[in-house]
Amino acid sequence: MSVTRRIAIILTVIFLIPVLFFSVYEISSLNKDEKMIEDIYTKQLEAILFSVNQHADNALENWVAKAQRGFESSTIEQEVPSSIQALLTNAAIKIVFFVDSLADSNIRGYAQDSLLMDTLSPLIKSALLKNSMQINRLIGYKKSGFQKIEVVQSDWPGANNARMLIFIADGMDASFRIAGLIVDPSAVIEDIVGPRLQVIAKDQFILSVFSKSLISPIYSTQQGDTTRLNSDAFTKDLWIFPDYSLGIRTKGASLQQIVKERTNTNLIFLVGLDIVLIIALILVFRNVKKEVQLAQNKSDFVSNVSHEIRTPLALISMFAETLEMGRAKTEEKKQEYYSIITKETQRLSGIVNKILNFSQTEAGKKKLHIESIELTKEIQAILKTYDFHLKNKGFEYYFEPSDSLFVKADKEAITEMIINLIDNAIKYSSNQKKIEIVVGHDVNFGWVAVKDHGLGIGKEDQKHVFDKFYRVSSGNLAKSQGTGLGLSIVKQLIEHQNGKITVSSELGKGSTFTLYFPLT
Ligand code: ADP
């Protein structure tokens, strides 16, 4: 298994898998939390509305108790007992009445205004008869010691929207009385329910009472509240008047919204964190991969260079020895051996220079002298000095100049770069010994292209040929000698001159390296 693959697996196992597991777990528990909080919230709201209902019930029971006391003390017909008088000061209570039985036609009632009593008397009577079943049931409850207060169905043409509440009161001699209150529900809600809602509401909630037949609330702790009895407010029936509902919702955003928002923010953070982590892992992996590659290239470099140096050294030492021992018989042979020694020495110093050059450029020690240079002229001069070398190697070359084209560059660096590219073109060509050099420009750059018809470079290798120490390690190319430094020196040099280098190549067809210089 390759080193990089192993690193990828280690990173995945140590970091990625646990993080992904954790994220999935967190996301699922976030949803669970949200559900739980919602449940708790709903229960809380339910408890609040329950307490409101109970409060209203207690108030009614209190009224009933007062009425009962009044009935017991009412002996003289026309006189209103004090406890009933107290009840009637309450704007919500229109009439307090009782009858001895359903058959009793003598309704005894006390009203805020006696005229109302007169008009409503027959209506009360018919309402009692109409609801006799309900009343008998209430009597049944009372007999088992349980006093219940209920609204009975009734229409009150004279008193708009009034409700009749009935209960069974104790009569004389262990008998029962059917008693009731005619009340104005809006006033009851205003007087009894309202203050309670205000206490609960404070700054947190909006509580309202809706009549089920109306759309907007008839009472609300929020002034000018026009919310509908809709689904986002939590509602319960009002016990004392079942055709009314109590509604509650949080001021501002509802808890569901807050929880949802929180969950979403958490989710975004979590996903963001995962993305950052994955990017970080990719970066780490890429860096490690690069380092591993570099280490590999470096070790290849050492063996390449040793090899490169050993060959000329062996030749030099062999021919020097031959000469020394006087084994070269003819003057011609001697000359041949001298020239081999010179050539190999040049090759050696070439290699050493390249390495020195590389370390200087890499350390940024190389001082460039940027000036305005006529590109065509410069290339022509280089080709002139290199003409012999090229022809000697059996290469034909074509030069396509451009009209006067001035670029910002360093004279020596241009020479070094072009020679590097031409040397590579020579080194990596086999049968087609043809090199084309073209000068041209676009909007921002003047460029020189060095094109050969040699071995070409595969797509994958093209990405790396400018890396330090990189040499293509497959195919025909591997056979030729080199240090893997040339193109990396060229790249560093051109970048120091604010230019760039590109390669386009096809295996078996040849390569074109193009240097771009900023225009003057
Ligand atoms: P070196 O030539 O010393 O190996 P370079 O940095 O000059 O190092 O080149 C790096 C690699 O790029 C070479 O090993 C070679 O495989 C490839 N290469 C460079 N120039 C050419 C070219 N003109 N044609 C094909 N391959 C090339």
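A polar contact here is a pair of N or O atoms within 3.5 Å. I keep that cut-off at hand for the ligand entries. The model I am reading is predicted.

**Entry 1: ligand contacts**

I started with Asp452. One of its polar side-chain atoms lies 2.8 Å from a nitrogen atom of the ligand. I then looked at the oxygen side of the ligand. A backbone N or O atom of Gly484 lies 3.0 Å from a ligand oxygen atom. For Gly486, a backbone N or O atom lies 3.3 Å from an oxygen atom of the ligand. How much of the ligand does the protein bury? The protein buries 100% of the 520 Å² that the ligand exposes when taken alone.

**Entry 2: ligand shell**

I listed the surroundings next. The ligand has 19 residues around it. Tyr428, Asp452, Arg471, Thr483 and Leu487 are the closest. I sorted the shell by class and found nine nonpolar, seven polar and three charged residues. Which helices and which strand each supply at least two residues of this shell? I noted helix H9 (411-427), helix H11 (486-496) and strand S16 (510-518).

**Entry 3: largest pocket**

I moved on to the pockets. The largest pocket has a volume of about 1200 Å³. I found 27 residues lining it. Nearest its centre lie Arg347, Gly350, Tyr386, His389 and Asp423. Helix H7 (331-362), helix H8 (375-392) and H9 each give at least two lining residues. H9 also supplies at least two residues of the ligand shell. Which helix gives the most to the lining of the largest pocket? I have H7 down for that, with nine residues. By class, I noted five nonpolar, 13 polar and nine charged residues in this lining.

**Entry 4: second largest pocket**

I closed with the second largest pocket, which holds about 750 Å³ of space. Its lining has 25 residues, and Lys289, Lys290, Gln293, His464 and Asp467 are the closest to its centre. Helix H1 (3-73), helix H6 (255-324) and H11 each supply at least two residues of this lining. H11 also gives at least two residues to the shell around the ligand. Where does the largest share of the lining of the second largest pocket come from? I traced that share, twelve residues, to H6. My class tally for this lining is six nonpolar, nine polar and ten charged residues.

Conventions
Residues are numbered from 1 along each chain as its sequence is written. This is a predicted model: local features need pLDDT of at least 70, side-chain atom pairs count only at pLDDT 80 or more; totals for chains, interfaces and linings use all residues. Side-chain values use heavy atoms; hydrogens and water are left out. A residue is near a molecule or strand if one of its heavy atoms lies within 4 Å of it. A polar contact is a pair of N or O atoms within 3.5 Å; within protein, one must be able to donate a hydrogen and the other to accept it, and residues adjacent in sequence count only if both atoms are side-chain atoms. Accessible areas come from the Shrake-Rupley method with a 1.4 Å probe; for residues, only the protein chains shown count as cover. Helices (H or I, at least four residues) and strands (E, at least two) are DSSP runs, numbered from the N terminus. Ala, Val, Leu, Ile, Met, Phe, Trp, Tyr, Cys and Pro count as nonpolar, Asp, Glu, Lys and Arg as charged, and the others, Gly among them, as polar. On a 1 Å grid over the protein atoms alone, a cavity is a set of points where a 1.4 Å probe fits but cannot get out, and a pocket is an open set with protein on both sides within 12 Å along at least five of seven lines; lining residues have an atom within 4 Å of a point. Grid points are joined across faces, edges and corners, and a volume is the space filled by probe spheres set on the points.
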